[in-house]
Amino acid sequence: MLNIFKADDSKEQPISLSGFRYQQHFAVLFSAGGVLVTFFFTLSTLSKQLYGLAAVLFIACIFLCLSFHFANSKKHSSLLCITRHITLLGLLILGMYLVYYGGVNNTGPLWVFVIPPVILALSGIQVGILYITSFIILVCTMLLYPDNALLNASYSDEFKSRLLFSFIISCTISCYYEAARYKSYKELSSLSKQFKQESRQDMLTKLPNRRCMWITLQQEQSQLVDKQPSIIALIDVDFFKGVNDTYGHDIGDNVLKHLSLVINNALRSEDILARWGGEEFLLLMPNTSYEEADKALNIMRSTVHDMPYIYQGQQISLSISAGFCELSNDIPLNNAMKLADDNLYQAKATGRNKVVGNNQLPVDNNGILET
């Protein structure tokens, strides 16, 4: 049987669509803000004749301009992943340079506290931890290397220890928060997927429910312009009330589950079976002729009759009646459903355990099509 829940059961990608858009929007906002900030500081450092720092800030500004262009462009949206890494590498290089150079009055290292949340927002928790850990190791090496050999600025030991300690704490809190946020997002995503599945699926038989099947029928009819007509069939369990009255509703539910499996096994892969309501099922048979449908439904009817439900060693004999008609662009969907229902009524009224199908639309006494 065709799996109309395929979209919901597809293999999950490392980054979901919503997560991708979140990172894209953040990349746009961060790049735009970063361009303004780095350009302002470039001009500020140039005015103070700090040409080395100004050059690094200007290069960072160019990186952020490219990042903004790629992240905000539909044409280059496929390059967003590469753009994120370029932005992060540029950000880390800028942070290391600020630690090395010291910036204005040795305030440069204070900017490193901006780095962890930006990394996590752009790359996620797993890749972000790798970036942050690498940056912490590099900064620790620079600050703790003997005789300040890897620094151009002069920091006191107290400043170094407090900077490293507070920065590591900040990184830890940021990672913990991002991990908690990601876990919550996954749980909400899972619940959303579950609710969406349940809204389309009959909980007893696990078949598509009436709402889902109606949408499927509308989609199928809209695609019938250049295709062979499809068949819709209403299937009803004969004397099902007697099963409930004799054995109870729990056994009745088990009988419905049994029937859904038996009928499903008799279908082609492209056919779609749904629970329409109570003991009634609706079958869609795409690209099927009238003769093929009549043959397939009668085989299904015989199969159900030959496979009773076993309860405590006792056989509960079952049979079904079916009414079917073509689904085409010439017949409105509501009218096709009424015709199938009328054919089902005829099958039940003339002895049950039979299949009835025709394409004569019901009309009233004035010859007007009934709806």
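This note walks through a predicted model, from the whole chain down to single residues.

1. **The whole chain.** The protein chain has twelve helices and seven strands. It holds 371 residues, of which 43% count as buried. Now take the contacts between residues at least 6 apart in sequence. Of these, 69% join residues at least 24 apart.

2. **Helix α10, its length.** Start with α10, which covers residues 249–265. How far should its 17 residues span? At 1.5 Å a residue, the expected figure is 24 Å. The end C-alpha atoms of α10 are 24 Å apart, so the model agrees with the expected span.

3. **Helix α10, its buried residues.** Which residues of α10 are buried? The list includes Ile-251, Val-255, Leu-256, Leu-259, Val-262 and Ile-263. Gly-252, His-258, Ser-260 and Asn-264 are buried as well. Keep these names in mind for the next points. Several return in the helix contacts.

4. **How to read helix pairs.** Two packed helices are described by the angle between their axes and the distance between the axes. Three pairs follow, and two of them involve α10.

5. **α9 against α10.** Helix α9 runs over residues 240–247. It packs on α10 at an angle of about 140°, with the axes 7 Å apart. The two helices are therefore oblique to each other; the cut-off for roughly antiparallel is over 145 degrees. From α9 come Phe-240, Val-243, Asn-244 and Tyr-247. They meet His-249, Ile-251, Gly-252, Val-255 and Leu-256 of α10. By class, this contact of α9 with α10 has six nonpolar residues, three polar and no charged. Four of the α10 names, Ile-251, Gly-252, Val-255 and Leu-256, are among the buried residues of that helix.

6. **α10 against α11.** Helix α11 spans residues 290–306. The axes of α10 and α11 come within 10 Å and cross at roughly 135°. That angle makes α10 oblique to α11. The crossing of α10 past α11 is right-handed. On the α10 side, Leu-259, Val-262 and Ile-263 make the contact. On the α11 side, the partners are Met-300, Thr-303 and Val-304. Sorted by class, the contact of α10 with α11 has five nonpolar residues, one polar and no charged. Leu-259, Val-262 and Ile-263 are also buried in α10.

7. **α8 against α12.** The third pair joins helix α8, residues 210–222, to helix α12, residues 333–349. Their packing angle is about 115°, and their axes lie 11 Å apart. Is α8 roughly parallel or roughly perpendicular to α12? The angle makes α8 roughly perpendicular to α12, since that class runs from 65 to 115 degrees. α8 passes α12 in a right-handed crossing. Trp-214, Leu-217, Gln-218 and Gln-221 of α8 touch Leu-333, Asn-334 and Met-337 of α12. The contact of α8 with α12 divides into four nonpolar residues, three polar and no charged.

8. **Glu-220 in α8.** Glu-220 sits in helix α8. Is Glu-220 buried or exposed? Its relative accessibility is 9%, so Glu-220 counts as buried; the cut-off is under 20%. Leaving out residues up to four places away in sequence, Glu-220 touches Lys-227, Ser-230, Leu-284, Pro-286 and Leu-327.

9. **Leu-344 in α12.** Leu-344 belongs to helix α12. With a relative accessible area of 3%, Leu-344 is buried. What does Leu-344 touch, not counting residues up to four places away in sequence? The residues are Leu-234, Asp-236, Glu-280, Ser-321, Ala-322 and Gly-323. Look at Gly-323 in particular. Leu-344 and Gly-323 are 21 residues apart in sequence, yet 3.8 Å apart in space, C-alpha to C-alpha.

10. **Two residues to check by eye.** Most residues other than glycine have a negative phi. Asp-147 has a positive phi of about 60°, although it is not a glycine. Asn-148 also has a positive phi, near 55°. Where does Asp-147 lie? Asp-147 is in the loop between α6 (125–144) and α7 (157–200). Asn-148 is found in the loop between α6 and α7 too. At 77% relative accessibility, Asp-147 counts as exposed. Asn-148 has a relative accessible area of 26% and is partly exposed.

Notes: Residues are numbered from 1 along each chain as its sequence is written. This is a predicted model: local features need pLDDT of at least 70, side-chain atom pairs count only at pLDDT 80 or more; totals for chains, interfaces and linings use all residues. Side-chain values use heavy atoms; hydrogens and water are left out. Axes are lines fitted to C-alpha atoms, for helices over the stretch in contact, and angles run from 0 to 180 degrees between N-to-C directions. Angles under 35 degrees count as roughly parallel, over 145 as roughly antiparallel, 65 to 115 as roughly perpendicular and the rest as oblique. A crossing is left-handed if the near helix is turned anticlockwise from the far one by less than a right angle, and right-handed if clockwise. Contact means heavy atoms within 4.5 Å. Ala, Val, Leu, Ile, Met, Phe, Trp, Tyr, Cys and Pro count as nonpolar, Asp, Glu, Lys and Arg as charged, and the others, Gly among them, as polar. The expected span of a helix is 1.5 Å times one less than its number of residues. Buried means under 20% relative accessible area, exposed over 50%, partly exposed in between (1.4 Å probe, protein chains only).
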